[in-house]
Amino acid sequence: MHTIYIDGNSLTLKDLVDVARHNAKVQLSEEAISKIKKSRALVDEFVENEEVVYGITTGFGKFSDVTISKEDTETLQTNLIRSHACGVGKPLAEEDVRGTMLLRINTLVKGYSGIRLETINVLMEMLNKGVHPVIPEKGSLGASGDLAPLAHMVLVMLGEGEAYYQGIRMSGKEAMEKAGIPTIQLTSKEGLALINGTPVMTAIGGLAAYDALNLTKIADISAALTIEALNGIIDAYDERVHTIRPHKGQIDCAKNLLNLTKSSQLTSKQGEIRVQDAYTLRCIPQIHGASRDAINYVIEKINIELNSVTDNPLIFADDKKVISGGNFHGQPMALAFDFLGIALSELANSSERRIERLVNPQLSGLPGFLTEKGGLNSGFMIPQYTAAALVSENKVLAHPASVDSIPSSANQEDHVSMGTIAARKAKEILYNTTRVLAIELYAAAQAIDFDEPKKLGEGTKIAYEAIREKVDRLYDDRIMNVDINTCAILIEDNTILNAVEKGLGKLL
């Protein structure tokens with residue numbers, strides 16, 4: 001794995017994935033080091049002159065009008081971390097923690113935060129050596145940024161809190177000792193610089209959005225298999241239909257469906273079997289395409305946030321100016337991640353309705369619940385229940401977090417984003433939607449077995465064979481969650497997508 005150079009300006013979503021999931025190493029650019037030192041020098045000057053500057057020589061939030069002496073600035077920063085480390089719930093996944101650490105480093109190196117180089121180096125060493133703080137998943141309002149979860153990250157830098165090292169949960173002090181990383185004593189401005197911002201929500205939501213892009217392609221593949229299992233009418237995907245309503249996602253999806261079903265002997269033309277299909281077949285480009293466009297919009301916002309300064313106050317070293325603003329406010333990401341959850345939910349909604357069409361003999365013309373021994377066997381009756389339950393849960397989760405706000409800090413912080421909740425919900429919706437699509441792939445492969453798989457299109461045949469390499473055709477009832485989970489793994493590890501794209505070329 002290559003080394004990623006951090007300069008605050010060029011981090012990509014792929015870099016986030018490489019560091020968070022594949023343990024790519026990070027290193028600071030020379031330009032970044034220069035900016036960090038210049039910014040820090042100005043903070044030291046303010047402290048030495050005892051100038052009143054928010055978060056440097058004052059308290060925080062409602063206590064911003066309390067002046068802190070030069071002698072107490074270090075205590076102020078340590079107290080900040082300890083008092084703010086009040087998250088609850090299960091620990092964030094390792095990839096989310098690693099992503100959070102990376103994004104915090106990338107913000108700090110831009111040179112607007114006033115933190116010492118040695119402090120950033122400690123966080124970078126933790127990332128490179130695999131010291132992963134235990135960060136409870138709940139407790140962030142998304143403004144002033146991800147305060148509580150980030151405080152748990154910083155505790156380990158101080159030799160406090162807890163961390164995972166080499167897969168074992170231990171005290172932060174022990175983890176740092178085992179990894180050979182010196183702990184630090186925070187000084188003026190540093191605690192605030194480390195915990196004020198949006199890296200937690202952006203890491204969680206960014207990784208979910210990256211997966212969501214691939215999932216839109218899987219949704220097209222699973223839909224194409226269902227189209228063929230049900231002898232779907234492909235006229236609806238004709239390029240002429242979509243160029244006169246030129247939403248990019250819609251056009252791309254229609255092209256994917258035609259590409260996947262190319263040379264199929266199972267699809268039909270309008271009027272051959274029926275005049276038109278139900279909406280979840282006929283309108284796949286419009287439904288999937290809208291979700292695809294929404295996800296791409298979210299990724300545009302993530303790409304901005306990855307290389308943004310999101311802490312407060314901001315140090316403008318060239319102007320010798322400190323400005324207290326609101327870049328920590330997570331609203332830009334909160335709205336985006338709510339949109340991501342809604343877009344993913346719609347992929348699951350349409351997939352579940354196609355599953356129903358596959359298992360319902362009145363709609364499919366196939367054996368009821370895709371079993372030849374109905375009554376003795378239940379076949380695919382209950383997988384549809386599971387899909388319905390997941391879709392229903394998604395509808396609850398898709399309620400926007402960003403429309404809520406509860407004032408905090410004695411009404412000083414009187415509007416908050418709930419962006420981290422939005423990101424966590426989007427991740428859960430992604431999980432559910434993946435399982436719904438897994439059920440559709442499983443059911444569509446079974447339905448195709450009642451005809452002749454060799455009649456499948458060029459892309460769908462590859463997908464069918466990838467499924468059948470791991471999941472056998474169902475003849476008699478068996479424990480079906482094993483097969484569903486196997487299909488979900490084939491989605492998540494990109495087995496199906498990679499096989500299809502290797503044989504067919506990149507899907508749009």
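**Entry 1: A317**

I began with A317, which sits in the loop between β8 (314-316) and β9 (321-323). A note to myself before going on: this is a predicted model. Is A317 buried or exposed? I found 17% relative accessibility for A317, so the residue counts as buried, the cut-off for buried being under 20%. Setting aside residues up to four places away in sequence, A317 touches K38, S39 and L42. I also looked up how A317 stands to R98: the two are 219 residues apart in sequence, and their C-alpha atoms are 29 Å apart in space.

**Entry 2: nonpolar cores**

Next I turned to the cores. The largest nonpolar core has 148 residues, and the members touching the most others are L28, M126, V131, I221, L340 and I496. Which element gives the largest share of this core? I noted α9, with 17 residues. I picked L28 for a longer look; leaving out neighbours within four places in sequence, its contacts include Y5, I6, I33, I105, L117 and M124. Apart from the largest core lies another one of 8 residues, among them L42, V43, V47 and V53. I had met L42 already, as one of the residues that A317 touches.

**Entry 3: the cavity**

Then I went looking for enclosed space. I counted 1 cavity of 30 Å³ or more, and it holds about 60 Å³ of space. Its lining includes L103, R104, T107, T198, P199, E305 and T310. The elements giving two or more residues to this lining are α4 (94-108), α9 (199-229) and α13 (284-306). Which of them gives the most? I wrote down α4, with 3 residues. By type, I sorted the lining residues into 3 nonpolar, 5 polar and 2 charged.

**Entry 4: backbone details**

I finished with the backbone, cis bonds to begin with. A cis peptide bond joins A143 and S144, with omega about 5°, and S144 is in the loop between β5 (136-138) and α6 (147-157). Another cis bond runs from N312 to P313, its omega near -5°; P313 lies in the loop between α13 and β8.

I also checked for positive phi outside glycine. N23 has a phi of about 60° and is placed in the loop between α1 (13-22) and β2 (26-28). M418 has a phi of about 55° and is found in the loop between α16 (381-397) and α17 (419-448). How accessible are they? N23 counts as partly exposed because its relative accessibility is 38%, whereas M418, at 5%, counts as buried.

Definitions and conventions: Residues are numbered from 1 along each chain as its sequence is written. This is a predicted model: local features need pLDDT of at least 70, side-chain atom pairs count only at pLDDT 80 or more; totals for chains, interfaces and linings use all residues. Side-chain values use heavy atoms; hydrogens and water are left out. On a 1 Å grid over the protein atoms alone, a cavity is a set of points where a 1.4 Å probe fits but cannot get out, and a pocket is an open set with protein on both sides within 12 Å along at least five of seven lines; lining residues have an atom within 4 Å of a point. Grid points are joined across faces, edges and corners, and a volume is the space filled by probe spheres set on the points. Helices (H or I, at least four residues) and strands (E, at least two) are DSSP runs, numbered from the N terminus. Ala, Val, Leu, Ile, Met, Phe, Trp, Tyr, Cys and Pro count as nonpolar, Asp, Glu, Lys and Arg as charged, and the others, Gly among them, as polar. Buried means under 20% relative accessible area, exposed over 50%, partly exposed in between (1.4 Å probe, protein chains only). Contact means heavy atoms within 4.5 Å. A nonpolar core is a set of buried Ala, Val, Leu, Ile, Met, Phe, Trp, Tyr and Cys residues joined through side-chain atoms within 4.5 Å.
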